[in-house]
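Work through the exercises below with the sequence and the model side by side. Each task is followed by a solution in steps.

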Amino acid sequence: MTNSSNRGGSSVSVLNDHTGFQAHRVLVDWHRGDWWDKLQARFKELTSLPRGWDGYAGVPVAWDNASFAAKLIGTILPQNCPEPSLVPGADGTLQIEWHQNSFDIELDILGPNNVIATRYNLVTDETNEVHVETDFSEVVCWLDAMSEAGAEIEAA
Amino acid sequence: MLCPKREQKLRLPDLDDNGDVVPHDHDEIQNDDFLIRRVNPKQHVVPDDNRGCRRISSKLFQPSSAENGGMSVDIKPLIEGLGEAPEQYVVTPVFLGAVEFSVDVARGNNLRVGYDPLPDNECHGEVWGSNRPNRFSGSQNKALHRSCRWLVELDDVELI
Amino acid sequence: MSLPSFDNPPLEEVVLGAQFSSPEGFNSTHNGQVWSLFGQEFPIVQDQPRLEPQFEVFGGQSPQQGIRLDFGPPPLRNRLWFVSNDQSHLLQFQDDRLLLNWRKRKEGEQYPRYETISDKFSEYLGRLDSFYSSKYQMPLRINQAEISYINIIPMENYREIGELLSLVRPSSVELEGINANFGEVIRRDTKPVARITYELQSVSTVDGRKRALRLSLTYRGKPLLENIDSTLDFISNGRDLIVKRFCDITTSKAHGLWRRTS
C-alpha cells in the first residue's frame with residue numbers, strides 16, 4: 001500500500017531527480033460505490049458556480065475549502081456510510097450533510113480545519129454541536145452511529 | 001401584479017474604511033416588515049430521508065463567514081415601494097425560488113436587520129448576528145428556517 | 001537532553017514546507033514578482049506539476065487509506081522550482097505553498113544542519129508574507145506545515161534490512177522488495193496535533209546494479225496559529241521528533257555505521 005498523494009510525480013521530495021534511484025511503487029484504488037462518482041461531479045460543479053448563483057453576490061466554493069472537504073470525506077467516512085449532500089454557502093464555504101436513519105448531521109466547512117459539526121437526533125430531540133479543527137473522532141462516532149442505524153433498518 | 005407605488009426610502013447606512021456597510025440594526029425597518037431570501041433549487045435543496053421529502057438546507061440561513069458578513073435578503077416593503085411585485089423582483093434575472101420571514105422573528109432571536117443597498121439591488125438588506133455578525137447559532141438558524149414561508153414556491157420541495 | 005546526532009547519516013534530503021490560503025487575485029503573471037524576491041539566491045527557474053492541497057485530519061478509521069476525490073482541474077497555476085546555482089537548495093513555490101529543500105548533491109557533502117535551513121525558511125516565509133500583505137492585503141494564513149527527512153540506505157540484499165532497521169526482521173524471508181507506509185498520530189495532552197508518516201521503499205538505479213532503501217519520515221499538521229513563528233515552532237517540534245524516531249527505528253549496528261555521536 002502506499003499513500004497515493006505522490007501519484008503523478010507531484011511530490012515535495014525532489015530526490016528522484018538526481019540520485020538515479022527509482023522506487024518500486026504500488027498504487028491501490030478503493031471504490032466506494034456509485035455515489036462516489038456523483039460526489040466528484042458535484043465538487044466540480046460547486047467550484048465552478050457562477051458569481052451571483054444565489055441571486056445575490058454568491059461566489060463559487062473556494063478551492064481549498066473543497067479540497068479540505070474532499071479530504072475529510074475520503075478520510076473519515078465509514079465504509080457503509082450513506083451518500084452525503086453538499087450545499088454551497090454564498091461566501092465560498094460549503095456544508096456536508098446527511099438526513100437519514102433518524103439523524104441530521106451537518107458539517108459546515110468554514111475553512112480548512114475550521115468546521116462546525118452539528119448532529120440532531122430525531123428520536124431523542126437531542127442536538128450536539130462541536131467546533132472541530134483537526135480531531136474528528138466525535139464526528140466519526142456520529143457517522144458510525146448513523147451508518148449502523150441504517151444497517152439495522154435494512155436488516156430488519 | 002404590480003403594487004401601488006409608495007415612496008419608501010431608508011436612511012443610508014454607515015460605511016467602514018473599506019466602503020462596506022457596518023453591521024447595524026436599522027430602526028426604519030419595522031418589525032412587521034418581511035424579508036425575502038432567495039432559494040436556488042439546484043444548490044439549496046437536499047434529500048431528507050428522515051422526513052421523506054426534499055427540503056431546504058439549513059445552510060441557506062447562515063450568513064457569510066467574512067468579517068462583518070451577513071445573510072443577504074431583499075426588504076419586501078422597499079420592493080413594493082418601487083411598485084414592483086416581490087415575487088417577480090426576486091426571480092429576475094435568474095429564476096429562483098424564494099422564502100420570506102418577518103423581521104420580528106429575526107430580532108426576536110437577537111439578530112440585527114439592516115439596509116445594504118447595492119448598485120443592482122437597491123432593496124438589498126442583511127441580517128447579522130449580534131455577538132458574531134457572521135455566524136448564527138443553531139437556534140437562530142432553526143428559528144429563521146422554521147418560521148419562513150414560500151413566496152415563490154419550488155415544486156416538490158418542503159421548507160423543513 | 002540533547003538530540004541524537006550522527007557524523008555520517010544516510011540523509012539525502014530535508015524538506016521544510018508551509019501551506020496557506022491562496023490569495024484572491026493571484027494569477028500566473030505574479031510568479032515573476034515572487035521569483036524576484038528570491039532570484040539572487042535561486043537564479044534557476046523550472047516548471048513543475050502543481051502540488052495538491054494536503055490536510056492532516058484525525059479520528060478516521062483508516063487515514064492512510066483515505067480515498068482521493070479528484071474533481072479537477074485545479075487552478076491553472078504551476079508549481080515553480082527556484083534552484084540555487086549549486087543545485088543543493090531549492091525553493092518550491094505555488095500560490096498556496098512554499099517549501100525549502102536541501103538535497104545532497106555529491107558523496108561526502110555535509111548536511112548543513114537544521115538550524116541553518118530553518119533560519120533560511122523563516123526568512124523566505126517572511127519575504128513572501130510581506131509580498132502577500134502588500135499585494136493582496138492578506139498576510140500568509142498558514143494552515144499546514146511539514147518537515148521531511150529522506151534517507152537513502154544502500155543495501156545490496158534486502159535480507160539485511162533487519163540489521164539496520166528494527167522495524168522489519170525478515171529472518172528467513174527472501175525479500176525481493178519492500179513498499180510500506182504507516183502513520184503515527186502525535187498527541188499533546190491527548191489532543192492530536194500532527195501525524196508522522198513513515199515511508200519505506202526499496203529503490204534501485206536504472207541499470208539495477210545498485211540497490212538501496214528509501215526511508216522517509218514526514219511530520220505534518222496544522223500549526224497552533226496561522227503565523228510564521230507558530231509554523232516554525234511546529235516544524236522544530238517535528239524535527240526533534242523525527243530525529244528521535246529515526247533512532248528508535250534503526251539499530252545499534254546502523255548507528256555505528258552512521259557514526260552516532262550523541
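**Exercise 1.** In what order do the elements of chain C run from the N terminus on? Then judge the overall form of the chain.

Solution. The model is predicted.
Step 1: Starting at the N terminus, the elements of chain C follow the order β-α-β-β-β-β-α-β-α-β-β-β-α-α. This comes to 5 helices and 9 strands.
Step 2: The radius of gyration of chain C is 19 Å, and the globule rule gives 18 Å for 262 residues; the two are close, so chain C is as compact as a globular protein of that length.
Step 3: Along the principal axes, the C-alpha atoms of chain C fill a box of roughly 60 × 45 × 40 Å.
Step 4: Of the 262 residues in chain C, 37% count as buried. Taking contacts in this chain between residues at least 6 apart in sequence, 70% join residues at least 24 apart.

**Exercise 2.** Which pair of chains has the most contacts? Then describe how chain B is placed relative to the others.

Solution.
Step 1: There are 2 pairs of chains that touch, and the most contacts are between chains A and C.
Step 2: Chain B and chain C are joined by no contact, and their closest C-alpha atoms are 12 Å apart.
Step 3: Chain B does meet chain A: 22 residues of chain B are in contact with 23 residues of chain A. On the chain B side, strand E2 (residues 45-48) gives the most, with 3 residues.
Step 4: Sorted by type, the residues on this side of chain B are 6 nonpolar, 12 polar and 4 charged.

**Exercise 3.** Which residues have the most contacts inside the largest nonpolar core? Then locate a second core.

Solution.
Step 1: The largest nonpolar core holds 67 residues, and Ala69(A), Leu143(A) and Leu35(B) have the most contacts inside it.
Step 2: Helix H3 (residues 63-76) of chain A supplies the largest share of this core, 7 residues.
Step 3: Leaving aside residues up to four places away in sequence, Ala69(A) touches Leu94(A), Ile96(A) and Ile109(A).
Step 4: Another core, of 42 residues, lies apart from the largest one; among its members are Val83(C), Trp102(C), Ile117(C) and Phe246(C).

**Exercise 4.** Where in chain B is the pLDDT below 50?

Solution.
Step 1: Chain B has a mean pLDDT of 92, with 95% of its residues at 70 or more.
Step 2: The pLDDT is below 50 over residues 1-6 of chain B, a stretch with 12 contacts in the model beyond near neighbours in sequence.
Step 3: Predicted coordinates should not be read in detail where pLDDT is low.

Methods: Residues numbered from 1 in each chain as written. Chains lettered and ligands numbered in written order. Predicted model: local features only at pLDDT ≥ 70, side-chain atom pairs only at ≥ 80, totals over all residues. pLDDT = per-residue confidence, 0-100. Contact = placed C-beta atoms within 7 Å. Core = buried A, V, L, I, M, F, W, Y, C linked by C-beta atoms within 7 Å. Buried ≥ 20, exposed ≤ 12 C-beta atoms within 10 Å, placed from the backbone. Helix = DSSP H or I, 4+ residues; strand = E, 2+ residues; numbered from the N terminus. Nonpolar A, V, L, I, M, F, W, Y, C, P; charged D, E, K, R; others polar. Rg over C-alpha atoms; globule rule 2.2 N^0.38 Å.
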